[in-house]
Amino acid sequence: MDPKSLVDRIDEKACLDFLSKMVQHKSHSETDGERDLARYMAGELEKIGVEAELQPFDEGRRFNTIGRLRGTGGGKSLLFNGHLDTNPVTEGWTVDPYAGLVDDKFIYGIGVSNMKAGDAAYFCAVKTLLDAGVKLKGDVVLTFVVGELQGGVGTLAAIRHGVKADYFINSEPSDLVAVTMHAAALSYVIELTGDTRHLSKREESVDAIAAACDIIPRINAMTFSGARSDVHRSINRGHVGVVHGALGRTLEEWRPPQVADFVRLKGSCRYAPGQTQEGVLADLEKELAALEGRFPGLKAKLVPELIEGRPLMPPFEVSPTSRIVKSINAAYEAVRGEKQPTGAITPTRFYGTDAGHLYKELDMEGIVCGPGGRYNTMPDERVDIVDYLDMIRVYMLTILDICEVA
């Protein structure tokens, strides 16, 4: 069957209705709603003839939904990866965040961009192919994981259960850009300890706030040692996101006439494949040693911020010449009639995704490419309808190319 005629078979209304139903599940991380959506996805997979498994982890408190469409043999296998858990609703919404509202341009809802539109797109791609009677040589594995917002614990659990394939597509929101590289994330805490005096004797003090004002722009401008190329260095970024300075480690604020002797900074760094957490920390330590030199008497302490039960998301990269990259590039061009933006592209290159776990743990070649992004994680979160529907078409063509028609 001609791929173009298959793409034209998409039932656009049914695809939007399915995504709306996903949004209507309040699947915030580690809630009953998250489990309910996982069960719902398993049921929907079974309805369309895809093997479905509820895969428990975290002592059975959470589970992923894993679907497998088995091929006849002889083709490459393709794994789709996306998460069901969502962020909480913030202030500022003007539409019901759980209604799955559709107007003439957008579909709205909490988590619709991050990342239920991606989940629904690969479900609907497989459903459309099955409805058309297509049989594939290679397997298609559909992973609907939870716990991505806790560092990817769901995908790591799926990997431990043996989930794998020849290639993968991670459907995080990229506005249909093909992301071939993204950074790893490292969170840290810096404590600056100075020496207080009354403002009348400020010249004798070691002002921790002044030291913080000196180091923050330096950290924000940092790149890190060991970058393999200028492209790798381009996804380096230091950032300070929290600043609190006052008197003592308890940060007493009731005595502003005194020079602050303690500041706590919290931030995050992004670094590329080939660079290491140890290298980034060493670079930060060098900056802090130089700061101590500029502020005699200052003591600076750096500690990586590790949260129990939340793994660090590793970096990800794939060669632009990989078959999966070429396949999705060709599918995009067939759907949209133009070249697909591809590479380490801002802002997605600074994201953390489960692609890093698939790359590190399984050495799989894959791509990050999904609908949504420009209205991600904000009030009235939404996805362009045309992007969602085109993503389904791109996924369909990529499946046909990678897995091959039997």
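## A loop residue, three hollows and some odd backbone

Leu-251 sits in the loop that runs between strand 10 and strand 11. This is a predicted model, and in it Leu-251 has a positive phi of about 55° even though it isn't a glycine. Leu-251 is also buried, because its relative accessible area of 9% falls under the 20% cut-off. The loop between strand 10 and strand 11 holds Ala-260 as well. With 7% relative accessibility, Ala-260 counts as buried too. Ala-260 comes within 9.0 Å of Ser-205, C-alpha to C-alpha, although 55 residues of sequence lie between the two positions.

Right after Ser-205 in the numbering comes Val-206, which belongs to the loop between strand 9 and helix 6 (208–220). Val-206 counts as buried, at 9% relative accessibility. Its C-alpha is 4.6 Å from that of Asp-195, with the pair 11 residues apart in sequence.

**The chain as a whole**

Stepping back, the chain has 11 helices and 16 strands. Its radius of gyration is 24 Å, close to the 22 Å that the globule rule gives for 406 residues, so the chain is as compact as a globular protein of that length. Along the principal axes, the C-alpha atoms fill a box of roughly 85 × 45 × 40 Å. Of the 406 residues, 55% are buried.

**Pockets and a cavity**

Here are the hollows side by side.

| Space | Volume | Nonpolar lining residues | Polar lining residues | Charged lining residues |
|---|---|---|---|---|
| Largest pocket | about 810 Å³ | 12 | nine | six |
| Second largest pocket | about 260 Å³ | eight | one | seven |
| Largest cavity | about 50 Å³ | six | three | no charged residues |

Which residues lie nearest the centre of the largest pocket? They are Ala-185, Ser-187, Arg-270, Arg-310 and Met-313, out of 27 that line this pocket. The elements giving two or more residues to that lining are strand 9 (184–193), strand 10 (237–246) and strand 11 (262–271). So much for the strands; the domains come into it as well. Domain 1 (3–182 + 315–403) and domain 2 (184–304) each supply at least three residues to the lining of the largest pocket.

The second largest pocket is lined by 16 residues, and those nearest its centre are Asp-11, Ala-14, Cys-15, Lys-127 and Asp-131. Here the elements with two or more residues in the lining are helix 2 (12–23), helix 3 (32–47) and helix 4 (112–131).

How many cavities of 30 Å³ or more turn up in a search of the whole structure? The search finds one. Lining the largest cavity are Leu-79, Asn-81, Thr-143, Val-145, Thr-155, Ala-158, Ile-159, Val-163 and Leu-358. Strand 3 (78–83), strand 5 (140–145) and helix 5 (153–160) each bring at least two residues to that lining. Helix 5 gives the most, with three residues.

**Backbone oddities**

Some background for this part: most residues other than glycine have a negative phi, and most peptide bonds are trans. Leu-251, with its positive phi of about 55°, has already come up. Glu-30 is another non-glycine residue with a positive phi, in this case about 60°. Its place is the loop between helix 2 and helix 3. Those two helices also appear among the contributors to the lining of the second largest pocket.

Then there are the cis peptide bonds. One runs from Thr-346 to Pro-347, with omega near 0°. Pro-347 is in the loop between strand 14 (342–343) and helix 10 (355–362). Another cis bond, again with omega near 0°, links Asn-114 to Met-115. Met-115 is located in helix 4, one of the elements that help line the second largest pocket.

**The annotated stretch**

Finally, a word on the record. An unreviewed UniProt entry annotates residues 274–301 as a "coiled-coil region". What does the model show over residues 274–301? The chain there is 64% helix and 11% strand, and the C-alpha atoms at the two ends are 26 Å apart.

Technical notes. Residues numbered from 1 in each chain as written. Predicted model: local features only at pLDDT ≥ 70, side-chain atom pairs only at ≥ 80, totals over all residues. Heavy atoms only, no water. UniProt positions renumbered as here; feature names shortened; annotations may be inferred. Helix = DSSP H or I, 4+ residues; strand = E, 2+ residues; numbered from the N terminus. 1 Å grid on protein atoms, 1.4 Å probe; cavity = no way out; pocket = protein on both sides within 12 Å on 5 of 7 lines; lining within 4 Å. Points joined across faces, edges and corners; volume = space filled by probe spheres on them. Nonpolar A, V, L, I, M, F, W, Y, C, P; charged D, E, K, R; others polar. Domains from an automatic or database assignment. Rg over C-alpha atoms; globule rule 2.2 N^0.38 Å. Buried < 20%, exposed > 50% of the residue type's maximum accessible area, 1.4 Å probe, protein only.
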